[in-house]
Amino acid sequence: MGILDEAKDRIADRLNRAPLLHIAADEGEGSVVILLHGIASSASTFELVIPELKKHHRVIAIELLGFGSSPAPEDATYTIDEHVAAIAVTIHSLRLLEPFILVGHSLGSLLAARYAARHAHEVSRLVLASPPIYLRPEEIGDPLVRTHVSAYLAAYDFLRANKDFTISTAARVVRLFQLGDTLSITEKNWNAFTLSLQQCIESQTTISDIAAAKCQVDVVVGTLDQFVAPGTLEIIGRMRHVTTHTVHANDHVVRRRLARVIVKTIDPDPTDTAPATVIG
């Protein structure tokens, strides 16, 4: 057996023994909605969403591999396939009988898109909140968009290369904006953070994953989102099964405005006549 075959076998073995993730919330009754939070975060991301959704749905919030109270295996490499394998094992352990709505925020939205592409028969609807979708710079024709995306990738590379700066800056941001558990970069989750950033956000196939999804896809994004590159959302916005909901005066965090639109996207108000692409 060659070196390449051995490497493939190790990867396959790791995916086959993906651990069960922590289910931080399982509340309400009705059709199932599953929530996946973002990088360096936890299920508290959805603290404004769960109370509203559980009025009509069974709402399940799963904490991602390496974050929150979920396991962080020593040999984890935090590729998108590894994350999705752990999500799949956890969801399948619930023995759900019907397709469910899958909601992801930030990194969670990228993982949700891959899950929907790989497990199309399980997902009835896909809601992607604040998705950091990037093409590789060499794939971008527009010079301005290419410059923006290159700047994002350079910033992420800087964060990964400067551990002390990143951890201390994250702590100051949490205190300044009172983010609680919605952002936590520490020694404990440093590997999960840096590897997930590199393997899932900087290197991604989200556009093709969304294209492969067989269900309705709703993208919810704030007009002040610091991590959404201009121009990249236009590509998926042209797909027939994708609807974009723009939330005015909201940044990357699931604040009250964004939470309200996520809920309204799943449970629309029949009396609301506002355009689907401009909500907030």
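Where is the place of A40? Select A40 and you will find it in the loop between β2 (31-36) and α2 (50-53), where helices (H or I, at least four residues) and strands (E, at least two) are DSSP runs numbered from the N terminus. Before going further, note that this is a predicted model, in which local features need pLDDT of at least 70 and side-chain atom pairs count only at pLDDT 80 or more, while totals for chains, interfaces and linings use all residues. Residues are numbered from 1 along each chain as its sequence is written, and side-chain values use heavy atoms, with hydrogens and water left out.

**Two positive phi values**

Stay with A40, whose phi is near 55°, a positive value in a residue other than glycine. A40 counts as buried because its relative accessible area is 1%; buried means under 20% relative accessible area, exposed over 50%, and partly exposed in between (1.4 Å probe, protein chains only). Now select R95, in the loop between α3 and β4 (100-105), where phi is again near 55° and positive in a residue other than glycine. R95, at 71% relative accessibility, counts as exposed.

**Helix α7**

Move next to helix α7, residues 190-202, and centre the view on S196, where there is a kink of about 30°; the bend at a residue is the angle between axes fitted to the seven residues ending there and the seven starting there. Colour the buried residues of this helix, which are W190, A192, F193, T194, S196, L197, C200, I201 and E202. If you then show their surroundings, you will see that the buried residues of α7 pack against α3 (80-93), α4 (107-118), α5 (143-161) and α6 (163-177), with contact taken as heavy atoms within 4.5 Å.

**The cysteines**

How many disulfides does the count come to? It comes to zero, a disulfide being a pair of cysteine sulfur atoms within 2.5 Å. C200 is in no disulfide, and the nearest cysteine sulfur, that of C215, is 20 Å away. Seen from C215, the closest cysteine sulfur is the one in C200, and that distance of 20 Å is too far for a bond. Both can be inspected for burial as well: C200 is buried, with a relative accessible area of 0%, and C215 is buried, with a value of 8%.

**H245 and D218**

Select H245, which lies in strand β7 (residues 242-247) and, at 5% relative accessibility, counts as buried. Add D218 to the selection, and a polar contact of 2.8 Å appears between the two side chains; a polar contact is a pair of N or O atoms within 3.5 Å, in which, within protein, one must be able to donate a hydrogen and the other to accept it, and residues adjacent in sequence count only if both atoms are side-chain atoms.

**Aromatic pairs**

Finish with the rings, among which the structure holds five aromatic pairs. Rings of Phe, Tyr and Trp (its six-membered ring) pair if their centres lie within 6.5 Å, and planes under 30 degrees apart count as stacked, over 60 as edge-to-face and the rest as tilted. Select Y134 and Y152, whose ring centres are 5.4 Å apart with planes at 25°, so the pair is stacked. Y134 lies in the loop between β5 (123-129) and α5 and Y152 in helix α5, so this pair ties together parts that are 18 residues apart in sequence. Both Y134 and Y152 are buried. Turn then to F158 and F165, whose ring centres are 5.4 Å apart with planes at 75°, so the pair is edge-to-face. F158 is partly exposed at 42% relative accessible area, and F165 is partly exposed at 41%. Lastly, add Y156 to the tyrosines above, since Y134, Y152 and Y156 form one aromatic cluster.
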